[in-house]
Amino acid sequence: MQGVIKNFDPGTGDGVLINEADLKDIDLADDALEGSVFRMLRQGQRVQFDLDESGRATALRLGSEIDMSTPDL
């Protein structure tokens with residue numbers, strides 16, 4: 001799955017992304033950045049992700065610039 005970061009608070013690790021498929025908001029899981037190349041996330045950044053059992057985004061990876069355009073945030 002791929003999406004765009006809507007917001008991210010580096011102090012708390014809380015954040016939301018917009019799912020490319022349906023443009024719905026998905027909360028980031030507490031461990032979303034564990035084992036990833038990311039230390040910080042910025043608004044508009046494209047990421048690939050998986051969903052955990054609670055429906056939150058986890059296992060963030062670099063997203064593709066080609067597959068999607070940035071949705072209106």
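User: Which residue takes a positive phi in the hairpin of strand 4 and strand 5?

Analyst: Good place to start! In this predicted model, that residue is Gly55, with a positive phi near 80 degrees. The hairpin has 5 residues between its two strands.

User: How do you know that strand 4 and strand 5 pair?

Analyst: Pairing calls for at least two bridges between two strands. Strand 4 and strand 5 (residues 57–62) have 4 bridges, in the antiparallel sense, so they meet the cut-off. You can look for Asp50, whose bridge partner in strand 5 is Thr58, and for Leu51, which stands opposite Ala57.

User: What makes strand 1 and strand 4 a pair?

Analyst: Let's use the cut-off again. Strand 1 (residues 2–8) and strand 4 (residues 46–51) share 3 bridges, and at least two are needed, so these strands pair as well. Their sense is antiparallel. Here Gln2 stands opposite Gln48 in strand 4.

User: What is the order of the strands in the open sheet?

Analyst: The sheet has 5 strands in the order 3-2-1-4-5, with antiparallel pairing.

User: Why are strand 3 and strand 5 called edge strands?

Analyst: Strand 3 (25–27) and strand 5 each pair on one side only. You can see them at the two ends of the order 3-2-1-4-5.

User: By how many degrees are neighbouring strands of this sheet turned against each other on average?

Analyst: On average, the turn between neighbours is 45 degrees, with direction ignored.

Methods:
Residues numbered from 1 in each chain as written. Predicted model: local features only at pLDDT ≥ 70, side-chain atom pairs only at ≥ 80, totals over all residues. Heavy atoms only, no water. Axes fitted to C-alpha atoms, helices over the stretch in contact; angles between N-to-C directions.
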